[in-house]
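Thanks for coming. I'll take a few minutes to walk through one structure, and please hold your comments until the end.

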Amino acid sequence: MAKSSSTLDWCIVRLGEDHNWWVDEVSDPVRWDVDGLSIVDPRQVDYLVELVDPLRDYGFDQDILDLAFIPFRIEKEAGEGRVRLKRVKDSLFEADEKLFALPDIVDDENGPYADLLDHLTRCRVKMLNDAFDFESKLTVDEMEDDIREDQNASFIEGKAVHTFEELIAILDYVPAGYETDEEDGEGDTDEEDIDDADLPDIDEEDENALKGDASLKWDDEDEDEEGDEDEEDDEDSDSDSDDDEDDDGDEEDEEEEKPRRGSRRR
C-alpha cells in the first residue's frame with residue numbers, strides 16, 4: 001500500500017512518563033514535526049485490532065486503518081532509553097511480528113489518519129444507535145462534540161493527546177447516562193481474567209514434574225466426600241454421646257432443682 005511519506009524510513013522513539021511511546025527523531029524532518037508526535041506500541045496495536053472487530057458489522061473497513069498508519073519494527077537500541085525503529089510494509093492485521101504504528105498526519109485535516117477518525121466515529125455511532133433505544137438517534141456531531149470537549153481540556157493544560165488515547169476515546173465512547181455490557185462488568189474479578197503475560201513462564205519439563213508431584217495435587221472430590229462423611233459420622237457420634245450426657249445431666253439437675261424449688265416456696 002502506498003504511503004504519503006515515502007522518505008520516512010526510520011524513527012527513534014522513547015517511552016514517556018505516561019507509559020506511552022513518543023517520537024524523538026525521524027528520517028524526514030522536513031515534513032514531520034516530532035513535537036508531540038506519538039506512536040502506538042505493539043501492545044496497543046493488538047488492543048485496537050481487538051476493539052475494531054465488532055465494528056465490522058457496522059461497516060468498518062480495515063484497509064482504512066492500515067492506510068492511516070505507517071508500520072515500524074524494532075531495529076536496535078538507540079541509547080538513553082530510546083529505540084530505533086525501521087519502517088516495514090506489513091499490514092497491522094496480518095503481520096507476524098510485533099509492530100509499532102505511526103499515524104500518517106502529514107495532512108492532519110484531510111490525510112488518511114483524519115479519514116480513519118471519521119470512519120471509526122461513524123461506525124461507533126451506528127453501533128450505539130443499534131445497542132441503545134435513545135429518545136433521538138445519536139449523531140456524529142454530538143459524539144465529536146463530547147470527545148472534543150475532553151481533548152480541549154488536555155490542550156488547555158498543555159498536554160499532548162496520544163494517538164492511542166484519541167482512538168480509545170472513540171472506540172469506548174458511550175453517551176452520558178448509558179453504559180455498555182462491558183462497563184456493567186467492570187470491577188468484577190475472576191481467576192480466568194488474569195493475564196497470562198503477568199505470570200512467569202514454566203518449561204514443559206518443569207510443568208510435567210510439577211504435575212507428578214503429589215504434594216501439589218488437590219484432593220479428589222471423592223476423597224473430599226469421604227472426608228465429609230467421616231466428619232459427619234464423627235459429629236453424629238459426638239452428638240449422640242452429648243445427648244446421652246445431656247439426658248443424664250437433666251435427670252440430676254431435676255433431682256437437685258426440686259428441693260430448691262420447695263425451699264423457695266417456704
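Where in the chain is Glu80 placed? Glu80 sits in the loop between E4 and strand E5, which spans 82-87. This is a predicted model, and that applies to everything I say today.

I start with Glu80 because of its backbone. Its phi is positive, about 60°, although Glu80 is not a glycine. Is Glu80 buried or exposed? Glu80 is exposed, since its relative accessible area is 78%, and the cut-off for that word is over 50%.

His19 can go alongside it. Phi of His19 is near 65°, again a positive value in a residue other than glycine. His19 is placed in the loop between strand E1 (10-15) and strand E2 (21-26). With a relative accessible area of 59%, His19 counts as exposed.

Now the overall layout. The chain has eight helices and six strands. From start to end of the sequence, they follow the pattern β-β-β-α-α-β-β-β-α-α-α-α-α-α. Of the 266 residues in the chain, 31% are buried. About 18700 Å² of the chain is exposed, and carbon and sulfur atoms supply 42% of that. On contacts: take those between residues at least 6 apart in sequence, and 66% of them join residues at least 24 apart.

Next, helix H5, residues 163-171. Why is H5 described as largely enclosed by the rest of the structure? Because seven of its nine residues are buried. The buried ones in H5 are Thr163, Phe164, Glu166, Leu167, Ile168, Ile170 and Leu171. As for what covers them, the list includes strand E3 (38-39), strand E4 (69-79) and strand E6 (100-103), along with helix H1 (42-52), helix H3 (112-131) and H4.

H4 deserves its own minute. Gln151 lies in helix H4. Which residues does Gln151 touch, leaving aside those up to four places away in sequence? Gln151 touches Val161 and Glu166. Glu166 is one of the buried residues of H5. Gln151 is itself buried, because its relative accessible area is 18% and the limit for buried is under 20%.

Glu142 is also in helix H4, which covers residues 140-156. At 38% relative accessibility, Glu142 is partly exposed. Glu142 belongs to a negative surface patch, together with Asp141, Asp146, Glu149 and Asp150.

Phe134 lies just before that, in the loop between H3 and H4. Phe134 is buried, at 14% relative accessible area. Which residues does it touch, again leaving out those up to four places away in sequence? Phe134 touches Leu128, Asn129, Pro175 and Tyr178. Take Tyr178: Phe134 and Tyr178 are 44 residues apart in sequence, and their C-alpha atoms are 9.7 Å apart in space.

Last topic, salt bridges. Side chains of opposite charge can pair when their charged atoms come close. How many salt bridges does a search of the whole structure find? The search finds ten, and I will go through some of them.

Arg31 pairs with Asp28, with the closest N and O atoms 3.2 Å apart. Here the two ends of the bridge have separate labels. Arg31 is partly exposed, at 39% relative accessible area. Asp28 counts as buried, at 7% relative accessibility.

Asp53 forms a salt bridge with Arg56, and the closest N and O atoms are 3.0 Å apart. Asp53 is partly exposed at 44% relative accessibility, and Arg56 is partly exposed at 36%.

Glu75 and Arg84 meet through their side chains in a salt bridge, at 2.7 Å from N to O. Glu75 counts as partly exposed, at 36% relative accessibility. There is also a network: salt bridges that share partners join Arg14, Asp24, Glu25 and Arg82.

To recap: Glu80 and His19 have positive phi values, about 60° for Glu80 and near 65° for His19. H5 is largely enclosed, with seven of its nine residues buried. H4 holds Gln151, which is buried, and Glu142, which is partly exposed. That's it from me.

Terms used: Residues are numbered from 1 along each chain as its sequence is written. This is a predicted model: local features need pLDDT of at least 70, side-chain atom pairs count only at pLDDT 80 or more; totals for chains, interfaces and linings use all residues. Side-chain values use heavy atoms; hydrogens and water are left out. Patches are made of residues with over 30% relative accessible area and no salt bridge: like charges are joined within 9 Å, nonpolar side chains (Val, Leu, Ile, Met, Phe, Trp, Tyr) within 5 Å. Accessible areas come from the Shrake-Rupley method with a 1.4 Å probe; for residues, only the protein chains shown count as cover. A salt bridge is a side-chain nitrogen of Lys or Arg within 4 Å of a carboxyl oxygen of Asp or Glu. Lys and Arg count as positive and Asp and Glu as negative; His and the chain ends are not counted. The place of a charge is taken as NZ of Lys, CZ of Arg, CG of Asp or CD of Glu. Helices (H or I, at least four residues) and strands (E, at least two) are DSSP runs, numbered from the N terminus. Buried means under 20% relative accessible area, exposed over 50%, partly exposed in between (1.4 Å probe, protein chains only). Contact means heavy atoms within 4.5 Å.
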